[in-house]
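Hi,

Here is the structure I promised to pass on to you. Have a look at it first, and then read my notes below.

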Amino acid sequence: MTNILINSADMSQVEYTKPSSKKRKGQENSSDGITIAVSLDALFIIEDYNREQQTIPKPGPALPFVKALNHIMAKQSPNAEQLVNIKIMVPVAEELNNQLERIIRHYGLLMRYNDGELFNILQDNNTKLYLSIDSTEVTHVINQNIAAAALFTPSSEMALSESELRVAFDGDGVIFSDEAETVMKTKGLDAFLEHETKKAQNPLPKGPLKCFLEVLVELQKKKYPIRTFLVTSRDALNGGRRVLNTLKGWDLKINEMYFLEGSPKGSILQAIKPHIFFDDQMKHVLNAKEAGVVAAHVPYGISQN
């Protein structure tokens with residue numbers, strides 16, 4: 001079995017400027033632009049945080065992604081339109097001391113919510129991705145048609161890029177719907193290959209994280225340093241053709257695409273070194289976790305049965 005990489009042209013290099021915290025504080029209650037929402041306990045390990053001693057909280061699995069996104073957004077001028085707002089979601093019941101509140105606001109806009117309010121706040125703030133460590137909460141959010149994923153802390157640390165944001169996606173059940181995956185799981189590999197060959201020219205239906213990929217592509221068009229990856233269990237010849245035609249039809253470009261023909265994804269992800277990897281199947285999430293990658297489970301489609 002041969003892993004196949006499709007590599008797009010490298011993006012132009014850009015210069016960076018130091019982020020301005022003044023703009024972020026002024027937008028505390030703003031719903032302008034696109035929202036990437038992150039739960040506090042995904043950003044930091046709060047259960048170990050000593051509020052009385054005001055120690056520095058330990059980093060959670062979302063922190064590398066949030067830091068990288070903040071870093072690339074910092075290149076815009078102070079007067080530029082805020083394209084993406086990172087909003088840190090904190091329950092009202094969660095006690096915050098002054099130090100923790102300052103740290104939160106360093107990474108994003110502080111958003112407080114009461115029980116039962118989370119979904120409405122995400123919806124009202126044009127949220128294109130919600131990250132949490134609470135699988136039940138994430139399932140509820142994604143069932144309400146908001147892109148969401150449950151994060152898993154990697155088993156080991158990995159050196160990550162400080163010059164660009166690197167995001168890796170599975171295909172079926174993540175960017176695309178579970179239509180083809182349903183054929184695979186209910187009728188087997190031969191039926192799946194026949195199905196995808198017959199429908200090679202028909203675009204796949206959209207999946208729950210297509211909207212987040214669209215955000216990344218739009219930022220790339222504005223010369224933000226982002227690199228995207230597709231890491232799929234499909235083969236390149238039969239399953240890959242429909243993927244390529246779908247992305248072309250959507251006018252969405254992914255920088256590198258790996259068609260692994262069912263092989264484990266950990267070794268490829270170790271080479272890619274993404275800040276975050278999204279997959280709908282727990283076996284791939286756990287494989288990525290063991291490889292030292294921040295893995296995000298997307299609880300969508302037939303793979304959850």
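Let's start in the middle of a sheet: F229 stands opposite E256 in strand β11. Please keep in mind that this is a predicted model.

F229 also has a bridge partner on the other strand, A168, with F229 itself sitting in β10. Strand β9 (residues 165-169) runs parallel to β10, and five bridges join the two. β10 and β11 (residues 256-259) are parallel as well, joined by four bridges. If you follow the chain, β10, helix α10 (residues 239-250) and β11 make a right-handed β-α-β unit.

How many residues of β10 (residues 226-232) are buried? Seven of the seven are, so the strand is largely enclosed by the rest of the structure. Both of its faces are covered: I226, T228, L230 and T232 are buried on one side, and R227, F229 and V231 are buried on the other.

Now for the nonpolar cores. In soluble globular proteins, nonpolar side chains tend to be buried together. The largest core here has 79 residues, and F65, F169 and F278 have the most contacts inside it. Helix α3 (residues 63-73) gives the most to this core, with seven residues. Domain 1 (34-151) and domain 2 (165-297) both contribute residues, so this core lies between them.

Try clicking on F65: leaving aside residues up to four places away in sequence, it touches I36, L129, L131, L165, V167, F212, H275 and I276. There is also a second, separate core of 14 residues, among them M158, V231, I268 and I272.

Enjoy exploring!

Best wishes

Terms used. Residues numbered from 1 in each chain as written. Predicted model: local features only at pLDDT ≥ 70, side-chain atom pairs only at ≥ 80, totals over all residues. Heavy atoms only, no water. Core = buried A, V, L, I, M, F, W, Y, C linked by side-chain atoms within 4.5 Å. Buried < 20%, exposed > 50% of the residue type's maximum accessible area, 1.4 Å probe, protein only. Domains from an automatic or database assignment. Contact = heavy atoms within 4.5 Å. Pairing = 2+ DSSP bridges. Right-handed = clockwise from strand over helix to strand, strands pointing away.
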